[in-house]
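Here is a short tour of a protein model, written for someone new to reading structures. Keep the picture open while you go through it.

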Amino acid sequence: MSMSTIFTLLAKGMMISVEIFFFTLLFSLPLGLLVSFGRMSKNFLVRSLVKIYIAVMRGTPLMLQLLVVYFGPFYLFGMKISSGYRFVAVIIAFSINYAAYFAEIYRSGIESISVGQYEAAKILGYNKVQTFFKIIFPQVVKRILPPVTNETITLVKDTSLASVIAMSEMFTIAKQISAKETTIMPLMLAGIFYFIFNYLVAFVMEYIEKKFRYFR
Amino acid sequence: MNLVKISHMKKRFGELEVLSDISLEVKKGEVVSIIGPSGSGKSTLLRCATLLEQMDGGSLSYKGEKVVWEENGKVITASHAETKRISRTFGLVFQNFNLFPHYTVLKNIMDAPVSVDKVPKKEARERAMTLLRQLGLEDKADAYPYQLSGGQQQRVSIARALALQPQVLFFDEPTSALDPELTGEVLKVIKELARQHMTMIIVTHEMKFAKEVSDRIIFMEGGVIVEEGSPDQLFTSQNLRVQEFIGKLES
């Protein structure tokens with residue numbers, strides 16, 4: 001296999017990894033906010049169900065969750081799994097897993113805002129939705145950026161777990177080429193890719209943090 | 001007519017009875033100061049009157065409209081919409097300002113009028129700038145709260161409350177979080193408001209200020225009003241506890 005073929009194949013895998021990354025963030029960030037509301041709900045049933053959900057998502061391996069989401073429909077309901085479902089299953093599994101982690105990060109941020117902010121908003125007549133989105137949320141975002149960066153960096157590396165259901169992302173392809181050509185080089189290239197990707201993630205997040213420095 | 005009317009207000013936190021039986025009426029244009037030792041229930045009274053706390057008994061009304069009342073021993077609060085409407089009557093200035101840190105001074109003042117009262121932006125901005133000019137903070141319009149001194153922050157929070165044009169303004173120890181050096185500038189603003197006949201109910205530890213600015217002073221202790229009267233009456237009170245408290249703070 002020529003070097004250029006290897007590069008082309010790896011580049012294709014890289015695109016899939018990047019897609020998994022972006023779609024997961026796209027769905028898990030808003031979903032996590034919703035989950036955090038459930039986690040802080042005054043309703044005992046809602047709160048308990050969400051607590052169980054978070055416990056399962058954090059307490060079991062993401063790799064296992066991937067397998068369950070991908071093969072579950074077949075084993076549980078005898079449904080035929082189409083090849084197109086593979087990518088969907090990856091996005092579902094990653095999104096519901098990361099939403100659980102993001103939910104707890106949101107919760108830590110929301111609970112760190114002083115009650116005085118809510119009281120001031122109430123006295124000034126803001127309704128609950130305005131209070132949250134205009135007053136509370138911007139302050140929450142500033143505070144949770146560092147842990148979100150952590151989670152995002154972990155996500156980049158976790159995309160490689162999709163190889164467990166043979167998703168042809170970067171890591172799967174690197175492993176296959178490596179086995180076929182008996183060389184470690186493709187895996188090394190994959191490693192460099194993850195490193196550069198995360199370097200960019202950290203750079204972008206630092207930029208966003210700086211953007212939020214206008215207030216304290 | 002009374003602008004604010006509190007009758008037999010009661011409030012307890014678990015076992016602790018914070019307000020035993022408070023009745024208070026405030027007329028338009030009146031300035032009332034509430035003094036008393038810590039834990040006497042002054043702040044709780046203010047928080048119940050501004051609906052930040054739910055009272056456990058008694059009634060509360062603004063301009064003759066009931067917000068909270070008792071029916072067959074149960075405490076009833078007016079409907080959400082009614083409460084919201086009647087709440088526009090009052091404003092509250094907090095001890096620790098509670099400005100919105102991510103908004104500029106100008107936005108802190110004009111955002112509620114725009115978002116809540118649907119005042120056109122241009123008008124809200126003009127109103128905010130007028131207030132800032134009156135408070136001598138014109139040049140701070142684009143600053144963020146963290147860039148201001150405590151005294152400046154408190155003046156902004158007064159402007160923020162005034163921007164909604166309340167008919168009565170509550171102050172919860174407005175200078176307690178400030179250096180002695182900075183209290184003066186805040187007290188000056190409140191005095192100016194008193195001169196303009198703004199109706200105000202002020203919880204404070206500043207005896208000299210209370211004496212100067214108030215039409216009436218209320219001394220609270222242990223969840224009840226111990227003594228009430230004009231500043232002269234209070235400062236010449238025969239009540240030993242009142243004498244002791246005032247003496248301690250004045251010296």
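## How much of chain B is tucked away

Let's start with burial: 44% of the 251 residues in chain B count as buried. Keep in mind that this is a predicted model.

What about overall size? For 251 residues, a compact globule would have a radius of gyration near 18 Å, and chain B comes out at 18 Å, so the two agree. If you draw a box along the principal axes, the C-alpha atoms of chain B fill roughly 50 × 45 × 35 Å.

## What chain B is built from

Chain B has nine helices and eleven strands. Its contacts often link distant parts of the sequence: of those with a separation of 6 or more, 63% are between residues 24 or more positions apart.

## A closer look at helix α4

Helix α4 of chain B covers residues 121–134, which is 14 residues. From first C-alpha to last it reaches 20 Å, close to the 20 Å expected at 1.5 Å a residue.

Which residues of α4(B) are buried? They are B:Ala124, B:Ala128, B:Leu131 and B:Leu132. These buried residues sit on the same side of α4(B), because they cover an arc of only 100 degrees around the axis. Here's a handy rule: an α-helix has 3.6 residues a turn, so residues three or four places apart point the same way. The other side of α4(B) has the exposed residues B:Lys122, B:Glu123 and B:Arg133.

And what covers the buried residues? The cover includes α3 (105–115) and α5 (150–163) of chain B. Just after α4(B) you'll find B:Gly136, with a positive phi of about 70 degrees.

## Two domains

The domain assignment splits chain B into domain 1 (2–89 + 168–250) and domain 2 (100–166). Notice that domain 1 is written as two stretches of sequence. The centres of the two domains, taken over C-alpha atoms, are 25 Å apart.

How many residues of each domain are in contact with the other? Eleven from domain 1 of chain B meet nine from domain 2 of chain B. On the side of domain 1 that touches domain 2, β8 (168–172) and α6 (180–195) of chain B each supply at least two residues. The largest share of that side, four residues, comes from α6(B).

## The nonpolar cores

The largest nonpolar core has 79 residues, and B:Ile34, B:Ile109 and B:Ala159 touch the most other members. Its largest share, six residues, comes from α5(B). Where does this core lie relative to the two domains of chain B? Both domain 1 and domain 2 give residues to this core, so it lies between them.

Zoom in on B:Ile34 for a moment. Leaving out residues up to four places away in sequence, B:Ile34 touches B:Lys42, B:Leu45, B:Ile201, B:Ile202, B:Val203, B:Ile218 and B:Met220. There is also a second, separate core of 37 residues, which includes A:Ile54, A:Ile96, A:Ile105 and A:Ala190.

## Where the chains meet

Finally, look at the contact between the chains. Chain A puts in 17 residues and chain B puts in 19 residues. On the side of chain A that touches chain B, the elements giving two or more residues are α5 (115–123) and α6 (128–158) of chain A. The largest share of that side, six residues, comes from α5(A).

Note on methods: Residues are numbered from 1 along each chain as its sequence is written. Chains are lettered from A and ligands numbered from 1 in the order in which they are written. This is a predicted model: local features need pLDDT of at least 70, side-chain atom pairs count only at pLDDT 80 or more; totals for chains, interfaces and linings use all residues. The radius of gyration is taken over C-alpha atoms; the globule rule is 2.2 Å times the number of residues to the power 0.38. A residue is buried if 20 or more other C-beta atoms lie within 10 Å of its own, exposed if 12 or fewer, and partly exposed in between; C-beta atoms are placed from the backbone. Two residues are in contact if their C-beta atoms, placed from the backbone, lie within 7 Å. The expected span of a helix is 1.5 Å times one less than its number of residues. The arc is that of the directions from the helix axis to the C-beta atoms. A nonpolar core is a set of buried Ala, Val, Leu, Ile, Met, Phe, Trp, Tyr and Cys residues joined through C-beta atoms within 7 Å. Domain bounds come from an automatic or database domain assignment.
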